[in-house]
Amino acid sequence: MSDVARKRFAQGTAVVTGAAAGIGRGLAEHLGSLGMTVVVADIDEARAAAVAAEIVAAGGDADPYGVDVSDPDEVEAMAATLFDRHGSIELLINNAGVESAGLLWEIDPARWRRLMQINVDGVFYCVRSFVPRMLAAGTPACVANLSSVGGINTVAVQSPYIVSKFAVQAMTECLHQDLAVIGAPIQVSAVVPHSIRSEIFRAAQRDAPTANPTANAVFAAMQRDNEEKGLDPLAAAEHMIEQIAGGAFWVFSDDAMCRGAVDRRGEQLRTLSPPADPRAMLARMGVPLPEGSS
Ligand SMILES: NC(=O)c1ccc[n+]([C@@H]2O[C@H](COP(=O)([O-])OP(=O)(O)OC[C@H]3O[C@@H](n4cnc5c(N)ncnc54)[C@H](O)[C@@H]3O)[C@@H](O)[C@H]2O)c1
């Protein structure tokens, strides 16, 4: 690790949403080890408390905060409480997010709404509650939003997630531009992970199981790949925080994989090509084509 993150994030307060598990947990633990006071914000208060306790046990400073980011009143109360307590927030990472499997026309409307409320509205609610307070504090700050390679390229059988991540990517670019209009000292970063070990696919199948066999097989394969080949969350956090500390807008978990995803999108738009043929992905994952499909 270079000195960039160590210097920039040696003090101040960071709020990480969805920090009780997976990527958020890795980010919170790493920021705690650098010296920031970390607010471990999550809908699962008990697990947030356990993660905060681990950061404290390792010599850091952390507090848990129970919040459902899809509720604008809860998010507003969190921002008010945290700015009262800490005076300023130097880093907000909008990480909380959920997945969902299925063919677009088979998605339960309640699941579609819930996913958009967490993945998209949740980011907007945090921006609208934290950014004005960051501006009033007047000190340099950063908002980093978790997009995804799924916010750059479309992927079959997970349309609500992909749509939500394209929205987060767009929202992050718009926030960058809107803050530039007023010349605010607030950095904006789009964090684009490829595969980092987490519970995201298992949680999706637990909370919103799909009856579609192809979607089930794809999610089982993605879960397996995530466990076998996904990056360690702490190592990924170190790499991503380093880029955020250096002021990057684009922040990758895995430089080659993420760069490849961005290049593919650029090439698709440049050549006006249709989206990639999903049958290649199914073959790679060993998922048979549905009956009747050729
Ligand atoms: N894991 C990957 O490979 C990967 C790749 C690309 C992008 N991402 C993105 O990274 C982020 C974190 O994903 P993860 O893989 O660590 O998932 P995860 O399921 O392991 O963790 C998500 C956390 O968010 C919390 N959460 C869920 N709903 C919430 C709500 N309404 N309010 C507050 N907290 C809530 C959960 O309790 C959990 O602790 C997501 O935005 C995801 O889209 C993950």
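In the predicted model, T13 stands opposite T37 in strand β2, and this pair belongs to a parallel arrangement in which β1, residues 13-17, and β2, residues 37-42, are joined over five bridges. The connection between these strands involves a helix, as β1, α2 and β2 together make a right-handed β-α-β unit. Strand β1 is also joined to β4, residues 91-94, by three bridges, and these two strands likewise run parallel; here A14 stands opposite L91 of β4. Strand β1 thus has pairing partners in both β2 and β4.

The surroundings of β1 are in keeping with this placement among other strands. Five of the five residues of β1 are buried, so the strand is largely enclosed by the rest of the structure. The side chains alternate in direction, with T13, V15 and T17 pointing one way from β1 and A14 and V16 pointing the other way, and the residues of both groups are buried.

A second set of paired strands is centred on β6, which covers residues 186-192. Six bridges join β6 to β5, residues 141-146, in the parallel sense, and within this pairing I186 of β6 is the bridge partner of A141. As with β1 and β2, a helix takes part in the arrangement: β5, helix α6 (residues 159-181) and β6 make a right-handed β-α-β unit. Strand β6 is further joined to β7, residues 250-252, by three bridges, again with the strands running parallel, and A190 stands opposite W250 in β7. Five of the seven residues of β6 are buried, so this strand, too, is largely enclosed by the rest of the structure.

Considered as a whole, the protein contains eleven helices and seven strands. The C-alpha trace spans about 60 × 40 × 35 Å along its principal axes. For 294 residues, a compact globule would be expected to have a radius of gyration near 19 Å, and the value of 19 Å found for the protein agrees with this. Buried residues make up 45% of the 294 residues. Among the contacts with a separation of 6 or more, 74% are accounted for by residues 24 or more positions apart.

The shell around the ligand comprises 30 residues, of which G18, G22, G97, S148 and S198 come nearest to the ligand. By residue type, this shell divides into 14 nonpolar, twelve polar and four charged residues. Two helices, α2 (22-34) and α7 (200-207), each supply at least two residues of the shell, and the largest share, three residues, comes from α2. Helix α2 is also the helix of the β-α-β unit that it makes with β1 and β2.

Between β6 and α7 the chain passes through a loop in which I196 lies. This residue is buried, because 21 other C-beta atoms lie within 10 Å and the cut-off for burial is 20 or more. When residues up to four places away in sequence are not counted, I196 touches I23, G230, L231, P233, A236 and S253. One of these contacts, that with A236, links positions 40 residues apart along the chain, and the C-alpha atoms of I196 and A236 are separated by 7.2 Å.

Two further loop residues are notable for their backbone geometry. Most residues other than glycine have a negative phi. V157, however, has a positive phi of about 55 degrees although it is not a glycine, and L272, also a residue other than glycine, has a positive phi near 50 degrees. The settings of these residues can be described in turn. V157 has its place in the loop between β5 and α6, and V157 is buried, with 25 other C-beta atoms within 10 Å. L272 lies in the loop between α10 (255-270) and α11 (278-285), and L272 is exposed, with 6 other C-beta atoms within 10 Å.

Notes
Residues numbered from 1 in each chain as written. Predicted model: local features only at pLDDT ≥ 70, side-chain atom pairs only at ≥ 80, totals over all residues. Near = placed C-beta within 6 Å. Helix = DSSP H or I, 4+ residues; strand = E, 2+ residues; numbered from the N terminus. Nonpolar A, V, L, I, M, F, W, Y, C, P; charged D, E, K, R; others polar. Buried ≥ 20, exposed ≤ 12 C-beta atoms within 10 Å, placed from the backbone. Pairing = 2+ DSSP bridges. Right-handed = clockwise from strand over helix to strand, strands pointing away. Rg over C-alpha atoms; globule rule 2.2 N^0.38 Å. Contact = placed C-beta atoms within 7 Å.
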